[in-house]
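Here's a quick briefing to read with the structure open beside you. Grab your viewer and follow along, topic by topic.

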Amino acid sequence: MEVKLWNDKREREMYDNLAELFAIIKATEKLEKAYVRDIISGAEYETECQKLIAQFKTLSSTLRDTVPNIERFHDTYKMDCPAALNRLVTSGVPATVEHQAAAAMSSVSSAAVVAECVQNFITAMDSLKLNMIAVDQVHPVLSDLSSSLNKLSILPVDFEGKTKMREWLSRLSKMGAADELTEQQARQLHFDLESSYNSFMASLPTGGS
């Protein structure tokens, strides 16, 4: 005896769509694993992933009344496709696009910190030229500079500017707020700032690299 899963054409279409949704989730899981294992190239992955995401969005919209919750559908049929759920439901874009966006954000963020470092170097050197040599004038300026240098991930831990600013901050912390740098100390600090600034500018990647 033949058992029908559907009573009419509309029901049959619904079951076909459910089967297609199941297949898309499974295919996406395999694609994600293939990309992670470097079995396919980033370009191949991105093309196929965009196709699957587009199909998934269309089907999800069609089945929104039947399948209001994709995670529940996934759990009901014990699919075990966490990577597919992340890609289709949470992210909605291929991993390659995510990585490009993250790199772009990182680049923008780094550019802002570089500008901050340059500004703090200039402020520190200008302060000394204006004879602002009291500890409570010098310390905040050097502290801002040290903080901005530490935020820039492209600089090594032992970068000259970081080391010298730490040394100066340590020296200033042992002095009173109203104490002033001697002429020799002010001259040495300005030299260290100028030297560190030149090293900083030389360490930045050029546009062609």
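What follows is a short tour of some helices, one helix crossing and two loop residues.

Keep in mind that this is a predicted model. Two helices, H2 and H7, each have their buried residues gathered on one side. H1 and H4 cross at roughly 105°, and two loop residues, Asp38 and Asn131, have a positive phi.

**Helix H2**

- H2 covers residues 42–62, and its length checks out: 21 residues at 1.5 Å each should span 30 Å, and the end C-alpha atoms are indeed 30 Å apart.
- Which residues of H2 are buried? They are Tyr45, Cys49, Leu52, Ile53, Phe56, Leu59 and Ser60.
- Looking down the axis of H2, those buried residues fall within an arc of 135°, so they line one face of the helix.
- That fits the usual geometry: an α-helix has 3.6 residues a turn, so residues three or four places apart point the same way.
- Flip to the other side of H2 and you'll find Ala43, Thr58 and Thr62, which are exposed.

**Helix H1 and its contacts**

- H1 runs over residues 9–36, and Asn17 is one of its residues.
- Is Asn17 buried or exposed? Asn17 has 17% relative accessibility, so it counts as buried, the cut-off being under 20%.
- Setting aside neighbours within four places in sequence, Asn17 touches Leu59, Thr62 and Leu63. Of these, Leu59 is one of the buried residues of H2, while Thr62 is exposed on the other side of that helix.
- H1 also meets H4 (residues 82–91): their axes come within 8 Å and cross at roughly 105°. That makes H1 roughly perpendicular to H4.
- On the H1 side of this contact are Ile24, Ile25, Thr28, Glu29 and Glu32, and on the H4 side Pro82, Ala83, Ala84, Arg87 and Leu88.
- Sorted by class, the H1 and H4 contact has six nonpolar, one polar and three charged residues.

**Helix H7 and what covers it**

- H7 spans residues 160–173. Its 14 residues at 1.5 Å each should span 20 Å, in agreement with the 20 Å between its end C-alpha atoms.
- Gly161, Lys162, Met165, Trp168, Leu169 and Leu172 are the buried residues of H7. They take up an arc of only 135° around the axis, which puts them on the same side of H7.
- What covers these buried residues of H7? The cover includes H6 (135–151) and H8 (183–203).
- H6 passes the length check as well: 17 residues should span 24 Å at 1.5 Å each, and its end C-alpha atoms are 24 Å apart.
- The buried residues of H6 are Val135, Val138, Val141, Leu142, Leu145, Ser146, Ser148 and Leu149.
- Back in H7, Arg171 is partly exposed, with a relative accessible area of 37%.
- Arg171 and Asp192 sit 21 residues apart in sequence and 14 Å apart in space, going from C-alpha to C-alpha.

**Two loop residues with positive phi**

- As background, most residues other than glycine have a negative phi.
- Asp38 goes the other way, with a phi near 65°. Asp38 lies in the loop between H1 and H2 and, at 65% relative accessibility, counts as exposed.
- Asn131 also has a positive phi, near 65°. Asn131 is in the loop between H5 (95–129) and H6, and its 54% relative accessibility makes it exposed.

Notes. Residues numbered from 1 in each chain as written. Predicted model: local features only at pLDDT ≥ 70, side-chain atom pairs only at ≥ 80, totals over all residues. Heavy atoms only, no water. Helix = DSSP H or I, 4+ residues; strand = E, 2+ residues; numbered from the N terminus. Expected span 1.5 Å × (residues − 1). Buried < 20%, exposed > 50% of the residue type's maximum accessible area, 1.4 Å probe, protein only. Arc of directions from axis to C-beta. Contact = heavy atoms within 4.5 Å. Axes fitted to C-alpha atoms, helices over the stretch in contact; angles between N-to-C directions. Parallel < 35°, antiparallel > 145°, perpendicular 65-115°, else oblique. Nonpolar A, V, L, I, M, F, W, Y, C, P; charged D, E, K, R; others polar.
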